Amino acid sequence: MDFGFTPEQEMLRKTVREFAEKEIAPKIDWMDETGEVPMDIIEKMAKLGFMGVLVPKEYGGLGMGHIERMILLEEIGRVSPAMANTVQVHHLGTAPIVVFGTEEQKKKWLPPLAKGEKIATFAVTEPTGGSDVLGMQTTAKLEGNNYIINGRKCFITNTHIASVIGIAAKTGEGPKGLSAFIIESDTPGFKPGRKENKFGLRGCNTGELIFKNCKVSKENIIGKEGDGLKVALVSISNVGRPGITAGALGIVRACLEEAVKYSKQRVLYGKPISDLQAIQWHLADIYMDYEISKLLMYRAAWLRDKGERCDAENAMAKFWATEAAVRCAQKTITVFGAYGCMKELVPQRLLRDAWLFISGAGTSEIMRIIMARQALKMA
Amino acid sequence: MTALNIIVCIKPVPDPQHWTKITLDPVTKTLRRESIPSVINPLDKHALEEALRIKEKHSGYVTVVSMAPPTVIDNLREAIALGVDEAILLSDRSFAGADTLATSYVLAAGIKKLGKFDLVLCGNQSLDGSTGQVGPEVAEFLGVPHVTNVRKIDFIDRGLIRVESAIEHGHILMKVQTPVVLTVVREINTPRHISLIRISEAMRKEIKIWTMKDLDVDRDMVGLSGSPTQVADIFMPEMKRRGEILDGEPEIVVKLLVEKLRQLGVM
Amino acid sequence: MKDDRHESVWIFAEQRHGKLMDSSLEMLGGGRKIADKLKTTLAAVLFGHNVENLAKELIAYGADKVYVADNSLLSFYRSEAYSIILADLIRQHNPEILLFSATAVGRDLAPRVAAKVKTGLTADCVKLDVNEQRQLLQIVPAFGGNVMATVVCPKHKPQMATVRPGVMKSLDRDESRHGEIMKVSTSLREEDMKIKIVEVVTEKPKVLPIEGADVVVAGGWGVGSAENWKLIEELAETLGGAVGATRPAVDEKWALEDQMIGVGGKTVRPKLYIGAGISGALQHTVGIQDSKVVVAINNDPNAPIFEGADFGIVGDLREIIPCLVNEIKKLYEK
């Protein structure tokens, strides 16, 4: 059992960390204030290969594995969870094409997506619900050589910056009644709807997608009719969910660093509060949450890289890391005292950012359902 | 122009973010700097960037040379990941304890072994020692001219470079014949980030390590024995400040401050 | 005639556009102290074109001897010609100590010469002294000033050092002083020079340079906005000082790179330094340690800068600075 990273993975981590600290960190305040995505940073990341980590080399990607992707997203998330989420959803939108796409579809869409020239997203959630996937109302009716899509998706990431949009829509009834499609943003009948004004994860674009008699070629279907549920769940489980886990792990790491740094500087009763047992226990708890989240996340990634089925492990890592992010952000605010509530300082933003990760890619309740399925097989 | 041969000298230095962890052993009078990670000297990154830009503009071959212990080989890998063609580490126990003269002597020997070159680039000075001496001393050992404080480099043709060198309150425009050593300042460019695309390749590339026997050097001119200067003493400067905190309403506090500063003769 | 004894303290005297640099006059003052301690002579070395009158000035400022190389080749500094001639002079006369001011020229010329004559050189000294063994004690900062080292050059001559401008003090000008002027000739020709000067360009500084300013008002991350930064500029202007900044403030583009103080930036030694909205991280404070008086303004009572300050005010700089500006204006009116 080798728990270490390879020298290549260490260089990857160092490279991304330096980029995040130099290029992304100065934009955080602007992102939090305006809620806008800094497209110049997206461009810089694209040029350095961040957008194509999972795309095979023959289509212009880096052909790296899930462990490498987790390192990339953890390091971005440590500086900006919002930016980590933007990048990870782009990977999520690219995934159905990589895993289920035909050769023509791969040749058409993967090169610009790998280079970050086009941004992707994948949309399942509707006003009817996210957890209740089969309850969706967006329909795709086959008419000749095209599907006519009608419906509305909400709480989707990258709605206003993506030009390659993957969705799941109803082509029939029941579990085999969903199909997956790729729609390009300049298709008539499609438009992004409202932009959400979130209290956290600001600087990551969340919004609606509106389809009104949107005519899409049947060449744009991913897999066959009826494959939609499989495409959605596999992509979300293997790419979307871990992406959120990595962003959340970044938050926990940031909490640990902020809390330790502050406690060493803050003097009360004549000495730094890091000398007080009460504070030390908080720091220990944050450290423990960091290690647990880290181990769960990287082990799940290791299983995925081996090609093994790991839905329960993905769910467990997501559950733990996102809940830990909220918990540790609260603890960090506690360590900072009243300063923790001040907008000029980091801890309050970490809490606001952390909360958004709980409901993304499946709520904690759904994660428990997935874990229970596995637990039931254990005896 | 046929491909230019460019050499960049880089120095791994202790990461400044960790400098507060450097302690002074009061008995042995040595600095304790274990477990502080090393980074490529920031000004050397500008030298690397300039070399890569020249290579992209005119076609060239960029070799990185460094005299350092083998523990910092990752920093040379970073240079390869940035896009240099080759990296050479000059490393030997007998090179240790070198001052700038002994360091320059070894670097020059390494460069001579590489054969003909058009340009040697270095950062103007290092973050830790900040002497700015190695560039000119290497040039002397190589028998070529040098220019420091370089802000702009334009190749007119293979044998001639237009150089802009910063000086107090201005700059000097010169034309310099190659081969030449140029040491660069921050204003010359913005260094690129490592692209993830190059990382795998950089990890696999062989980095040559040349020891004493690989170089044509005199034992008396390297390391501690080749260093005319020696450190006789090291100490932490004492920060003896009054540390007086002035309390009260802004109007009152500033009155107090101005009075104190007036009495001290600084206002 | 070759002189085998190693004696005499030499100063490389710099002239630009026919005018002696103040830092060179300072070096003569410091050099005089060392020469007197060693009971030996002080000589200045001067290169240029049509600079004979400057040689007399150097004597008035303390030199016993001046070696002058006057040639059109040497009108503006170039490392080739200057280093060759200086190295020849050293080999002929064997000075014990050779000092330069750490100007751009000094820092360029000294190492080339040191490598030519294979001797030791210490850069940017903040203090010089001699011990009983006639060793020059060269005190330098390392790691940005976090650590100080005393360097010696026990077995090689001349012992060479460049000295930070502003560290030494020039003597009073005394016309009645006597000294020898020795003319130095050279066989170097312009055609042999591989470096040709095309133009020397003077740039007007965009802001008052922080180096050499008597008062520096610096701002950091805590200033918060470009709008608030105007307070820093106002305070500096009221005091007739220069504006400095920490790296975060430069990254925010409130100040220029030239104004950055600390690791990777500049070191300042003003009479008065005021830092507002600066936490006091080592990376900045190493650049202000030699200030005569340090004042800190920060709304965080635990900011490390208060430990390194003579006076500290805990408060919002948006309130404190306007009050301070008013109070100073009142004082100046009196």
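Modeller: Two residues are in contact if their C-beta atoms, placed from the backbone, lie within 7 Å. This is a predicted model, in which local features need pLDDT of at least 70 and side-chain atom pairs count only at pLDDT 80 or more, while totals for chains, interfaces and linings use all residues. Residues are numbered from 1 along each chain as its sequence is written, and chains are lettered from A and ligands numbered from 1 in the order in which they are written.

Colleague: Happy to start there! Which helix gives the most to the side of chain B that touches chain A?

Modeller: Ten residues of chain B are in contact with eleven residues of chain A. On chain B, helix H2 (73–82) and helix H5 (199–204) each supply at least two residues to that side (helices are DSSP runs of H or I with at least four residues, strands are E runs of at least two, and both are numbered from the N terminus). With three residues, the top contributor is H5(B).

Colleague: And how many nonpolar residues are on the side of chain B that touches chain C?

Modeller: That contact takes 69 residues from chain B and 70 residues from chain C. Elements of chain B that each supply at least two residues include helix H3 (100–114), helix H4 (134–142) and strand E9 (146–157), and H6(B) gives the most, with eleven residues. The classes are nonpolar (Ala, Val, Leu, Ile, Met, Phe, Trp, Tyr, Cys and Pro), charged (Asp, Glu, Lys and Arg) and polar (the others, Gly among them). The side of chain B that touches chain C has 15 charged and 18 polar residues, and its nonpolar count is 36.

Colleague: Which residue stands opposite B:Gln230?

Modeller: E14(B) and strand E10 (residues 147–152) of chain C run antiparallel and are joined by five bridges, where pairing requires that DSSP finds at least two. Across from B:Gln230, in E10(C), stands C:Val152.

Colleague: There is also a sheet with strands from chains B and C. Which strands stand at its edges?

Modeller: The sheet is open, with six strands in the order E15(B)-E18(C)-E17(C)-E16(C)-E14(C)-E15(C) and parallel pairing. Each edge strand has a single partner, so one side of it is left without a neighbour in the sheet; the two are E15 of chain B and strand E15 (242–245) of chain C.

Colleague: What angle does H6(B) make with E18(C)?

Modeller: Within the sheet, strand E16 (residues 272–276) and strand E17 (residues 293–298) of chain C pair in the parallel sense over five bridges, with C:Leu272 opposite C:Val293. H6(B) packs on the sheet, touching E15 of chain B together with E16, E17 and strand E18 (311–314) of chain C. Axes are lines fitted to C-alpha atoms, for helices over the stretch in contact, with angles from 0 to 180 degrees between N-to-C directions. Relative to E18(C), the direction of H6(B) makes about 170°.

Colleague: Now the interior. Which element supplies the largest share of the largest nonpolar core?

Modeller: A nonpolar core is a set of buried Ala, Val, Leu, Ile, Met, Phe, Trp, Tyr and Cys residues joined through C-beta atoms within 7 Å; buried means 20 or more other C-beta atoms within 10 Å of a residue's own, exposed 12 or fewer, partly exposed in between, with C-beta atoms placed from the backbone. The largest core has 262 residues, and A:Phe181 and C:Leu46 are among those that touch the most other members. Its largest share, 15 residues, comes from chain A, from helix H7 (residues 228–265).

Colleague: How far apart are the C-alpha centres of domain 2 and domain 3 of chain A?

Modeller: An automatic or database domain assignment gives the bounds, dividing chain A into domain 1 (7–114), domain 2 (120–225) and domain 3 (230–375). Twelve residues of domain 2 of chain A are in contact with nine residues of domain 3 of chain A. Between the C-alpha centres of these two domains, the distance is 30 Å.

Colleague: Which residue takes a positive phi in the hairpin of E2(A) and E3(A)?

Modeller: Strand E2 (residues 139–143) and strand E3 (residues 146–157) of chain A run antiparallel, joined by five bridges, and A:Thr139 has A:Asn150 as its bridge partner. The hairpin has two residues between the strands, and the one with a positive phi near 70° is A:Gly144.

Colleague: And which turn residue has a positive phi in the hairpin of E8(C) and E9(C)?

Modeller: Strand E8 (residues 127–130) and strand E9 (residues 136–142) of chain C pair in the antiparallel sense over four bridges, and C:Asp129 is partnered by C:Leu137. Five residues lie between these strands, and the turn residue with a positive phi of about 60° is C:Arg134.
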